[in-house]
Amino acid sequence: MGYYIDGPAKGKAVFIKGKYGADIISTPAVFNVPAGKALICVVDNGPFEAAAYCFNVREFKAFSDHADPRPKKWLLMDRSKAEELTGYVSPEPEADKGPDMAEFLDEASEALLGRTLSSSLIDNICVSCGKPAGEFNDALSKKEYGISGLCQKCQDIVFGH
Ligand SMILES: [Zn+2]
């Protein structure tokens, strides 16, 4: 953890706003950063402030921990400028594919197929046809089963092999 923007020890939010055209925003409730923008959290450590680039939802959660009493200011600024200043290079845009995605897949598969993806994976059956997952042609198909819950036969139908 830790990609930071340099600046004066105190007054970093105002400094970044003035120098790089950032907008000071109210504390965000969720990690929802507009395209091309970067979310910066200025944390007041007492003698000095740190301006951290919250480049993904994990960083954001780390800085928005309500148990942390340090005063914070939040800024939105140009993403490429933030990455130039912090040295952080973003990989593919990172979405929060945590429990929500699993929940969504379970709900969708239960509605469509009458069984959940997670229960199918635990039972080692195919989420689509309900038969034992059985053998796979290759490692990729086996990996695909872990994602979609489809047996080899159903994968062949879905992906048109
Ligand atoms: Zn199947």
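In this predicted model, helix α1, made up of residues 12-20, lies across β1, β2, β3 (37-44), β4 (49-54) and β5. Its direction makes an angle of about 15 degrees with β5. Helix α3 (residues 79-86) also lies across strands, namely β1, β3, β4 and β5, but here the angle to β5 is about 110 degrees.

What kind of sheet do these strands make, and in what order do they come? Five strands build an open sheet, and reading across it gives β1-β4-β3-β5-β2, with antiparallel pairing. The edges are taken by β1 (4-5) and β2 (23-25); each of them has a single partner strand, so one side of each is left without a neighbour in the sheet. As for what holds such an arrangement together, strands of a sheet pair through backbone hydrogen bonds, either parallel or antiparallel.

Now for strand β5, which covers residues 72-78 and pairs with β2 in the antiparallel sense over three bridges. Going residue by residue along β2, Asp23 sits opposite Leu76 of β5, while Ile24 has Leu75 of β5 as its bridge partner. Strand β5 also runs antiparallel to β3, and seven bridges join the two. One residue to look for here is Leu39, whose bridge partner in β5 is Leu76. Leu76 therefore turns up twice, opposite Asp23 and as the partner of Leu39.

Zooming out, the domain assignment splits the protein into domain 1 (4-86) and domain 2 (99-159). How far apart do the C-alpha centres of the two domains lie? The distance between the centres of domain 1 and domain 2 is 41 Å.

Terms used. Residues are numbered from 1 along each chain as its sequence is written. This is a predicted model: local features need pLDDT of at least 70, side-chain atom pairs count only at pLDDT 80 or more; totals for chains, interfaces and linings use all residues. Domain bounds come from an automatic or database domain assignment. Two strands pair if DSSP finds at least two bridges between them. Helices (H or I, at least four residues) and strands (E, at least two) are DSSP runs, numbered from the N terminus. Two residues are in contact if their C-beta atoms, placed from the backbone, lie within 7 Å. Axes are lines fitted to C-alpha atoms, for helices over the stretch in contact, and angles run from 0 to 180 degrees between N-to-C directions.
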